[in-house]
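This report describes the packing, strand pairing and side-chain contacts of one protein model. The sequence and the structure are shown first.

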Amino acid sequence: MSFTHDSNQFVVHDALPTVHYIPDFISEDEESYLLQQVYKSPKTKWTQLSGRRLQNWGGLPHPKGMLAEKIPDWLQTYCEKISSLGAFSGKTANHVLVNEYKQGEGIMPHEDGPLYHPTVTTISLGSHTLLDFYTPVSSLEGDAPQTEENRYLFSLLVKPRSLLILQDDMYQRLLHGIQACAQDTLTDRVVNLSAAGALPGDTLTRDTRVSLTIRHVPKVMKTKFILGRK
């Protein structure tokens with residue numbers, strides 16, 4: 001499959017431009033292998049945050065440039081596989097965040113920011129989730145209170161082993177987040193139900209989900225340049 005030439009079958013047309021949702025992007029064996037590698041990583045790789053914990057691979061993105069670190073082979077394989085689809089306009093992904101969400105955990109609506117190429121790709125492992133999308137606070141007019149509820153637009157159902165690719169307005173204009181809950185009852189506001197093999201009214205129980213968020217950081221520092229400075 002070529003993302004750049006044969007991707008229309010994976011486009012979610014009921015969302016803003018552009019969403020590609022690819023079910024079963026990896027096999028169950030690959031999923032098991034990746035989960036094993038995540039949990040074999042040194043404890044020092046984990047950072048505990050409110051509502052989730054994460055591992056950072058490839059370096060820390062910074063406005064002045066990311067000091068690149070080698071990505072382990074078990075992640076590099078998928079950086080190259082996704083990049084070969086054309087997701088990063090011919091560039092190769094060089095940064096991975098591994099997020100672990102236990103049942104009932106979520107993340108507040110946020111944007112990924114300008115340090116990345118404007119594409120975010122995510123492989124999900126272990127459990128589904130609902131990814132919710134919102135307009136930014138500043139984009140609403142009038143006197144209505146700027147609540148999450150009235151800024152909410154729609155959701156995407158993200159199943160285990162799927163690949164989700166967000167670009168264009170979906171990356172640059174909208175915020176995305178995950179509600180902190182243990183179950184999801186699907187409605188017609190979930191705009192990729194058919195692609196995800198689900199129906200309105202279905203109730204899905206979450207388990208621990210591990211996401212591999214694979215991106216390209218354009219601005220990278222040269223290690224020898226840094227070491228050579230006095």
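The text below treats the nonpolar cores, the strands, the ring interactions and two buried polar side chains of this predicted model.

**Nonpolar cores**

The largest nonpolar core comprises 29 residues, and the members that touch the most others are Val-19, Phe-133, Leu-156, Leu-164, Leu-166 and Met-170. At least two residues of this core come from each of β1 (19–22), β8, β9, β10 (163–167) and α4 (168–172). Strand β9 provides the largest share, 4 residues. A second, separate core holds 27 residues, including Trp-46, Trp-57, Val-98 and Ile-165.

Val-19 illustrates how the first core is connected. Leaving aside neighbours within four places in sequence, Val-19 is in contact with Phe-10, Val-11 and Val-12, and also with Leu-156, Leu-164, Ile-165, Leu-166 and Met-170. Among these partners, Leu-156, Leu-164, Leu-166 and Met-170 are themselves listed with Val-19 as the members touching the most others, whereas Ile-165 is included in the second core.

**Strand pairing**

An open sheet of 4 strands is arranged in the order β6-β11-β8-β9, and its pairing is antiparallel. Its edges are formed by β6 (107–110) and β9, each of which pairs on one side only. With direction ignored, neighbouring strands in this sheet are turned by 20° against each other on average. Thus the strand that supplies the largest share of the largest core is also an edge strand of this sheet.

At the other edge, β6 pairs with strand β11 (residues 175–178) in the antiparallel sense over 2 bridges. Ile-107 has Ile-178 of β11 as its bridge partner.

Strands β2 (residues 46–49) and β3 (residues 52–57) are likewise antiparallel, pairing over 4 bridges. Gln-48 stands opposite Arg-53 of β3. The two strands form a hairpin with 2 residues between them, and Gly-51 in the turn has a positive phi of about 90°.

**Ring interactions**

The structure contains 4 aromatic pairs. One of them joins Tyr-134 and Tyr-152 in an edge-to-face arrangement, with 5.9 Å between the centres and 65° between the planes. Tyr-134 belongs to strand β8 (residues 129–134) and Tyr-152 to strand β9 (residues 152–158), so the pair ties together parts that are 18 residues apart in sequence. Tyr-134 is buried, with a relative accessible area of 3%.

Two lysine residues lie over aromatic rings, as tabulated here.

| Lysine | Ring | Distance to ring centre |
|---|---|---|
| Lys-45 | Trp-57 | 4.0 Å |
| Lys-81 | Phe-25 | 4.5 Å |

Of the rings in the table, that of Trp-57 belongs to a residue included in the second core.

**Buried polar residues**

Glu-31 is located in helix α1 (residues 28–40). Its relative accessibility is 10%, and it therefore counts as buried, the limit being under 20%. Residues up to four places away in sequence not counted, Glu-31 touches Ile-26, Leu-125, Gly-126, Pro-160 and Arg-161.

Asn-94 lies in the loop between α2 (73–83) and β5 (95–101). With a relative accessible area of 17%, Asn-94 is also buried. Apart from neighbours within four places in sequence, its contacts are Trp-57, Gly-58, Met-66, Ile-71, Arg-215, His-216, Val-217 and Val-220. Trp-57 therefore recurs in this part of the model: Asn-94 is in contact with it, and Lys-45 lies over its face.

Key: Residues numbered from 1 in each chain as written. Predicted model: local features only at pLDDT ≥ 70, side-chain atom pairs only at ≥ 80, totals over all residues. Heavy atoms only, no water. Phe/Tyr/Trp six-rings, centres within 6.5 Å; stacked < 30°, edge-to-face > 60°. Buried < 20%, exposed > 50% of the residue type's maximum accessible area, 1.4 Å probe, protein only. Lys NZ or Arg CZ within 6 Å of the ring centre and 35° of its normal. Core = buried A, V, L, I, M, F, W, Y, C linked by side-chain atoms within 4.5 Å. Contact = heavy atoms within 4.5 Å. Pairing = 2+ DSSP bridges. Axes fitted to C-alpha atoms, helices over the stretch in contact; angles between N-to-C directions.
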